[in-house]
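Dear colleague,

Please find below the structure that I am handing over to you. A summary of what was found in it follows.

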Amino acid sequence: MEKIKKLSRLFYVLIALTLGFIVVYGLSKVSDKSKGPIETVLTKAGTTVQEVEKTIILDQREGTREDKLAWFKTQRNSKEKLIHSKIILFGASDDSKKESYENIINLEDSLDLTFPIIHIYKAWGEKKEQEFPVKEINAIYEIGSIPMITWEPWVSDFSVENFPGIEPIETRDKGAMKAVANGLYDSFLKKWASDAKKFGHPVYLRLGHEMNEPYRYPWGPQNDTPQEFVAGWRHVRDVFDQIGAKNIIWVWSPHTAYGYFDAYYPGSEYVDMISTGILNFGTSISWSKWWTFAEIFGTHYKELAAFNKPMMIAEFGSLKTGGDRAKWFGDALQNFQKNYPLVNSIAFFHYSGDKTISDKSVNWYIKDDKKVTSEIKKQLKLWDASVKQPSIEVKK
């Protein structure tokens, strides 16, 4: 049956690609000089092909995502029900850059899960791709899920002409969150807030994650004091609240290894959920070793739980090198509710070419690792029914 499904999917994708080729080839013959109109039509053609792909790949599957997520329909439109979910909600992020989210759905198939949450990453800036991702989050909503956006305050892509008062590019990172707090990026923030309000449905917004790590992101302690970060965070939320974007779920996400949680915490009235990324790099990177889930997260759980907020594992994954990856996932999920009662959502980090730590590309994919997926499914079946995500299978 699985082979038939894969062949059927391939057949339909080939139809979509063929349609696209015919449209492109035909239009290219119309006129070599009419580049502007042709480009416009080609863009629309590309969108049409993508819609064909979405309709065929998603809607024609055995049991649509919408059916499998029928239990989630009411909850996904309620900010409070999402924040305080009794069911542990699963999700994933993926680097495929395809709005059909087919690779994420392939991961779902391998785990016999359907993800209520789809996680994407967006940087600050003036480029088109740094605008509020209306098209992407609408696509997520259309296939039955809710979006989570990790929103990264890189400030290098703003111009002094459009944002008067900001520092020259050479010194801009230093004290950038203080500049945010002083309102120098307000026009950007207000546009995001306005677009988020127009979307209308809940959105998890994970702002300035891992702010307590001094090596990786420019909004860390090498450039901003904890007080400056907190002031910047509070100002961003104040802008959204003033615009009326009350559908945002504000997710504060420190790095577990670097502490100083109290110093970086924006305050209970500014944070809806607490999250962290739990990624085991094993021995794939020179500075790393094989860390268990309990070592990365369990040893810090009580410190984070002290804030008395619902919690999320925003990036959940392990590489292969250095240990037994199936056991890593199995140990993490065993007795999960008992060990981590405040955690009510888990998002797999499912990137095939991750270079965020070093120039070396590492692969977090687990969808084709039968040992891993079998262990995950085994553990989830043992979870108490009160927190277990319903799986609605539509049989032929």
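In what order do the eight strands close into a barrel, and is the pairing parallel or antiparallel? The order is β1-β2-β3-β4-β5-β6-β7-β8, and the pairing is parallel. From one strand to the next, the twist averages 30°. Please bear in mind throughout that this is a predicted model.

One pairing may serve as an illustration. Strand β2, residues 117-123, joins strand β3, residues 146-152, through seven bridges in the parallel sense. Within this pair, tyrosine 121 has threonine 150 of β3 as its bridge partner.

Helix α9 (226-243) lies across β3, β4 and β5. Its direction makes an angle of about 175° with β5, which spans 248-252. The helix has 18 residues, and the distance from its first C-alpha to its last is 26 Å, close to the 26 Å expected at 1.5 Å a residue. Its buried residues are Pro226, Phe229, Val230, Gly232, Trp233, His235, Val236, Arg237, Val239 and Phe240. In general, an α-helix has 3.6 residues a turn, so residues three or four places apart point the same way. After α9 comes glycine 244, with a positive phi near 100°.

As to the interior, the largest nonpolar core comprises 102 residues. Trp151, Tyr204, Phe240, Trp252 and Phe348 have the most contacts inside this core. Helix α8, residues 186-199, gives the most to it, namely six residues. Another core lies apart from it and has eight residues, among them Leu279, Ile285, Phe349 and Trp364.

The surroundings of phenylalanine 348 deserve a separate entry. Leaving aside neighbours within four places in sequence, this residue is in contact with Phe90, Gly91, Ala92, Ser93, Leu107, Leu111, Phe115, Phe316, Phe329, Ile366 and Ile376.

Finally, two residues other than glycine have a positive phi and may merit your attention when you inspect the backbone. Glutamate 210 has a phi near 55° and sits in the loop between β4 (203-207) and α9. This glutamate counts as buried because its relative accessibility is 4%, under the 20% cut-off. Asparagine 335, with a phi near 50°, is placed in the loop between α13 (325-333) and α14 (336-339).

Yours sincerely

Note on methods. Residues numbered from 1 in each chain as written. Predicted model: local features only at pLDDT ≥ 70, side-chain atom pairs only at ≥ 80, totals over all residues. Heavy atoms only, no water. Helix = DSSP H or I, 4+ residues; strand = E, 2+ residues; numbered from the N terminus. Buried < 20%, exposed > 50% of the residue type's maximum accessible area, 1.4 Å probe, protein only. Core = buried A, V, L, I, M, F, W, Y, C linked by side-chain atoms within 4.5 Å. Contact = heavy atoms within 4.5 Å. Expected span 1.5 Å × (residues − 1). Pairing = 2+ DSSP bridges. Axes fitted to C-alpha atoms, helices over the stretch in contact; angles between N-to-C directions.
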